[in-house]
Amino acid sequence: MSQNSAQETPKSSSEEMASKGQPVVPVVRLLHHKMCRNGEYPGSRIQRYPVEDALMKWKKPFPDYQPAFYESPHIAGKPWSDPSKDSDDFKKIKFNKLDGKVNRISYLGKYKTFDGIPQNPIGRTGIIGRGLLGRWGPNHAADPIVTRWKRTESGEIVRNQRTGLGYLQMCAIKRKDCGKWAIPGGMVDPGENVTATLKREFAEEALSMNAAPMEVEVFFKLAGKEVYRGYVDDPRNTDNAWIETLAMNFHDENGDMVGRFNFKAGSDAARVVWKDIDRNVDLYANHSTMLKQVAENLSAQW
């Protein structure tokens, strides 16, 4: 399956969203991806076809491009997984639409399909198929960024001596698959409200609970602030399947709500801690982009 001649995805239209009565929310548009190019695909021994920066975009001719096909055996037959491209059920999928309860609409606007198969709107990744992802096209996630101020034993906010800005701490999980620190997010279930996903993932991954305790219920009812909506530079992305997320910051200003919790790692995390955050922290995917926006919104040190 060659995709060299397909066109680049057009930009989304705020005017079109407004005309349909939808809230116009800025999308942080990544111009490139690097975590999902070159090297070995996660959880496999499949090598990605090498893609240089200059050849990443679909509009750039790349006649030698011959990416390998890979789909993990783990996704076969799962209720959250789409049918294979060779099945009759695949032809029934409605891309770029709300397909039953499955949201196949991209935050980046309408994406292209090639031979009926969705094409990554950012560019080539060196591998085709779905890899570890269940859905063809966008796989929607939600990331709850839960923060508090770093404080001394006496309760004073720790500040940078030069700038006077306070340091933030975030609820961070250490991923089992790659060992990097990350936001405790996860995939949105079909028909699930994104706010419910944010709360559920925090309870599951940071507290190892199937349901959120009352303190978390109250905390998440407070107005969270959206900090990112768009494409995630995730190592699991392929030419035909990719992750998009909605990230919201829930800040415990006084540290007396979730800020006092002792965390317990869920199934996907090796550890979960209150972690100091600044520009030097090595985070999973493009989570640093989201954290930088949080720091700017709260006038915190970055």
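Where in the chain does Val281 lie? Val281 sits in the loop between strand S13 (269-277) and H4. Keep that spot in mind as we tour this structure, which is a predicted model.

## The chain as a whole

Let's start with the wide view. The chain holds four helices and 13 strands. Of its 302 residues, 48% count as buried. The surface that the chain exposes comes to about 15,200 Å², and carbon and sulfur atoms supply 49% of it.

Sequence distance matters here too. Take the contacts in the chain with a separation of 6 or more: residues 24 or more positions apart account for 70% of them. Several examples of such long-range neighbours appear below.

## Strand S12 and its partners

Strand S12 covers residues 241-252. How many of its 12 residues are buried? The count is 12 of 12, and the strand is mostly covered. Its side chains can be sorted by direction. Ala241, Ile243, Thr245, Ala247, Asn249 and His251 point one way, while Trp242, Glu244, Leu246, Met248, Phe250 and Asp252 point the other way, and all are buried.

S12 pairs with strand S7 (residues 137-149), and these two run parallel, joined by 12 bridges. Within this pairing, Val146 has Phe250 of S12 as its bridge partner. S12 also pairs with strand S11 (residues 225-231), this time in the antiparallel sense over six bridges. There, Lys225 is matched with Asn249 of S12.

## Strands S1 and S6

Strand S6 spans residues 127-131, and because five of its five residues are buried, it is largely enclosed by the rest of the structure. Which strand pairs with S6 over three bridges? Strand S1 (residues 68-71) does, in the parallel sense. One bridge to look for links Phe69 to Ile128 in S6.

Tyr70 belongs to strand S1. Is Tyr70 buried or exposed? Its relative accessible area is 12%, which is under the 20% cut-off, so Tyr70 counts as buried. Leaving aside residues up to four places away in sequence, Tyr70 touches Ile127, Ile128, Gly129, Arg130 and Gly131, and also Tyr41, Gly43, Ser44 and Ile46. Tyr70 and Ile128 are 58 residues apart in sequence, yet their C-alpha atoms are 6.4 Å apart in space.

## Two loops to compare

Back to Val281. Its relative accessible area is 14%, so Val281 is buried even though it lies in a loop. Not counting residues up to four places away in sequence, Val281 touches Lys275, Asp276 and Ser288. Along the chain, Val281 and Trp181 are 100 residues apart, but 8.4 Å separates their C-alpha atoms.

Gly100 is also a loop residue, found between strand S2 (98-99) and strand S3 (102-103). With a relative accessible area of 59%, Gly100 passes the 50% cut-off and is therefore exposed. Gly100 and Pro190 are 90 residues apart in sequence, and their C-alpha atoms are 8.6 Å apart.

## Two residues with a positive phi

Most residues other than glycine have a negative phi. Against that background, two residues are worth finding on your screen. Asn38 is not a glycine, but it has a positive phi of about 65°. Asn38 is found in the loop between helix H1 (14-19) and S1. Its relative accessibility is 35%, so Asn38 counts as partly exposed.

The other residue is Ser299, with a positive phi near 55° in a residue other than glycine. Where does Ser299 lie? Look in the segment after helix H4 (287-297).

## A pocket to explore

Rolling a probe the size of a water molecule over the atoms shows where empty space is left. The second largest pocket has a volume of about 240 Å³. Of the 13 residues that line this pocket, the closest to its centre are Lys34, Met35, Ala285, Asn286 and Thr289.

What kinds of residue make up the lining of the second largest pocket? The lining divides into five nonpolar, five polar and three charged residues.

Terms used:
Residues numbered from 1 in each chain as written. Predicted model: local features only at pLDDT ≥ 70, side-chain atom pairs only at ≥ 80, totals over all residues. Heavy atoms only, no water. 1 Å grid on protein atoms, 1.4 Å probe; cavity = no way out; pocket = protein on both sides within 12 Å on 5 of 7 lines; lining within 4 Å. Points joined across faces, edges and corners; volume = space filled by probe spheres on them. Nonpolar A, V, L, I, M, F, W, Y, C, P; charged D, E, K, R; others polar. Buried < 20%, exposed > 50% of the residue type's maximum accessible area, 1.4 Å probe, protein only. Pairing = 2+ DSSP bridges. Contact = heavy atoms within 4.5 Å. Areas by Shrake-Rupley, 256 points an atom, 1.4 Å probe, with all protein chains shown as cover.
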